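Trainee: Could you walk me through one part of this model in close detail, please? I would like to know what surrounds it and how it sits in the whole chain.

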Amino acid sequence: MANVRSLASNALTDGDGILRLSPTWVPRSFLQPGRRLKLHPNDYYALGTHRGGIDERWFASTTEAANDNRNHDEGLSYVVAGGEKFLLRDAVSELGAELVGDHIWNTYKKWPVYSKFFDNMGPIPHHMHQNEEQAKLVGQEGKPESYYFPPQLNNVGNNFPYTFMGLEPGTTKEDVVRCLDRWNEGDNGILDLSKAYRLKVGTGWLIPPCVLHAPGSLLTYEPQWGSDVFGMYQSLVEGRAVPRALLTKDFPTEKHNDNRYLVDALDWEKNVDPNFMENNYLEPIVSEEGDGWADRWIVYGKVDGKQLFTSKELTLQPGAKCTIKDGGAYGWITVQGSGKVGKLVLQTPAMIRFGEMTMDEVFVTAKAAAAGVTFENTGTEPLVGLRYFGPNAQPKAPEVGAHRKK
């Protein structure tokens with residue numbers, strides 16, 4: 001990968017520590033696209049109907065999508081510089097701490113997080129993501145995640161802008177086992193044991209591993225751990241059958257028919273928490289602000305005592321300019337307006353053809369973030385961008401529930 005090292009080094013020099021990324025599209029064969037990703041209407045099935053519709057765009061990703069019949073680079077972000085393109089994952093492998101910072105490189109030897117837009121017409125099955133210990137049994141990593149519902153991409157809520165989360169207090173494990181026992185009888189009734197929360201644009205949630213959730217139909221920005229493991233516990237969604245293989249795929253083979261084991265895999269205390277909303281709901285909190293600009297926390301808090309990822313939303317009014325310092329590397333996606341990040345132009349596209357390059361996404365290295373990155377709004381509407389960070393990058397980030405004190 002000597003060529004990647006040279007290309008990446010030159011790109012970092014040219015961009016003062018900022019790399020331009022091309023769009024990364026991911027299909028899901030079992031879901032229906034919500035059509036708010038700005039893809040051309042003809043391109044949502046660009047990979048073929050057998051692969052499913054494109055309902056996700058991944059940002060600054062070095063994580064592979066766990067899809068059947070996947071392309072070799074599915075889910076992986078590409079850097080574009082000097083007429084060349086190369087995987088961000090390869091650049092991180094070659095340059096290490098120069099891109100992601102000493103702490104992350106020394107601890108993980110990779111960029112261990114990613115984010116995405118998740119966009120579906122309706123709800124998806126009630127499911128969980130395995131924790132670190134469970135995922136390790138099948139050679140994977142656990143997956144805590146978080147949500148933010150950006151106003152710029154939610155002009156319509158689609159079919160079901162509500163998300164079932166956790167289980168009603170008083171639910172027993174035997175109740176859920178019985179649901180799994182009824183898998184092939186149609187609707188196994190697991191949503192009867194849960195509660196749906198109405199999704200509010202401009203807010204978010206923190207979702208620990210092993211907690212059941214059935215994401216609703218708002219387009220969602222999702223900073224999360226760099227893994228694609230899951231287990232789906234709902235057998236029928238909007239009349240569509242969910243293959244039991246999607247329940248068991250990331251559990252040990254010998255446990256696939258052990259419904260009690262699958263239920264025991266849930267974090268029971270977190271699922272039946274009577275204060276679930278209080279302990280997981282997020283609203284934006286201002287981090288910094290100045291003349292014509294404001295930087296807000298949109299994802300914050302700890303998962304089992306650890307800060308694994310955080311995210312901010314930066315808004316600049318027309319003509320505004322600011323320099324922002326951050327504690328770690330980050331992936332940035334522009335959701336409104338036009339302007340500049342350092343030397344690079346930012347432009348929010350109205351429509352994107354599959355395979356087409358855009359100017360809305362960048363990766364900022366830890367060194368550049370610490371020194372301070374200058375953003376400028378050169379357009380006639382607000383310039384708004386979302387950026388996410390890796391573990392322990394933001395020691396001053398608020399805790400869950402801090403919005404209630406403001």
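Mentor: Happy to! Let me start with the surface: the accessible surface of the protein chain comes to about 16300 Å², and 47% of that belongs to carbon and sulfur atoms (areas come from the Shrake-Rupley method with a 1.4 Å probe; for residues, only the protein chains shown count as cover). A word on conventions: this is a predicted model, in which local features need pLDDT of at least 70, side-chain atom pairs count only at pLDDT 80 or more, and totals for chains, interfaces and linings use all residues. Residues are numbered from 1 along each chain as its sequence is written, and side-chain values use heavy atoms, with hydrogens and water left out.

The chain has eleven helices and 28 strands (DSSP runs numbered from the N terminus, with H or I of at least four residues for helices and E of at least two for strands). Of the 406 residues, 59% are buried (under 20% relative accessible area, against over 50% for exposed and partly exposed in between, with a 1.4 Å probe and protein chains only). Taking contacts between residues at least 6 apart in sequence, 77% join residues at least 24 apart (contact means heavy atoms within 4.5 Å).

Now for the close look, at strands 20 and 21. Strand 20 spans residues 293-299 and holds Ile 298, whose relative accessible area of 1% makes it buried. Beyond its neighbours within four places in sequence, Ile 298 touches Tyr 148, Tyr 221, Leu 282, Pro 284, Ser 311, Lys 312, Glu 313 and Leu 386. Tyr 388 is 90 residues away from Ile 298 along the chain, yet their C-alpha atoms are separated by 9.5 Å.

Strand 21 covers residues 310-316 and includes Thr 315. Thr 315 is buried as well, at a relative accessible area of 14%. With neighbours within four places set aside, Thr 315 has contacts with Gly 292, Trp 293, Ala 294, Arg 296, Pro 382, Leu 383 and Val 384.

One of the partners of Ile 298, Tyr 221, leads us to the largest nonpolar core. That core has 57 residues, and Tyr 221 is listed with Leu 99, Trp 111, Phe 117 and Phe 363 as having the most contacts inside it (a nonpolar core is a set of buried Ala, Val, Leu, Ile, Met, Phe, Trp, Tyr and Cys residues joined through side-chain atoms within 4.5 Å). Helix 1, residues 2-14, gives the most to this core, with five residues. Apart from it lies another core, of 25 residues, including Leu 167 and Cys 210.
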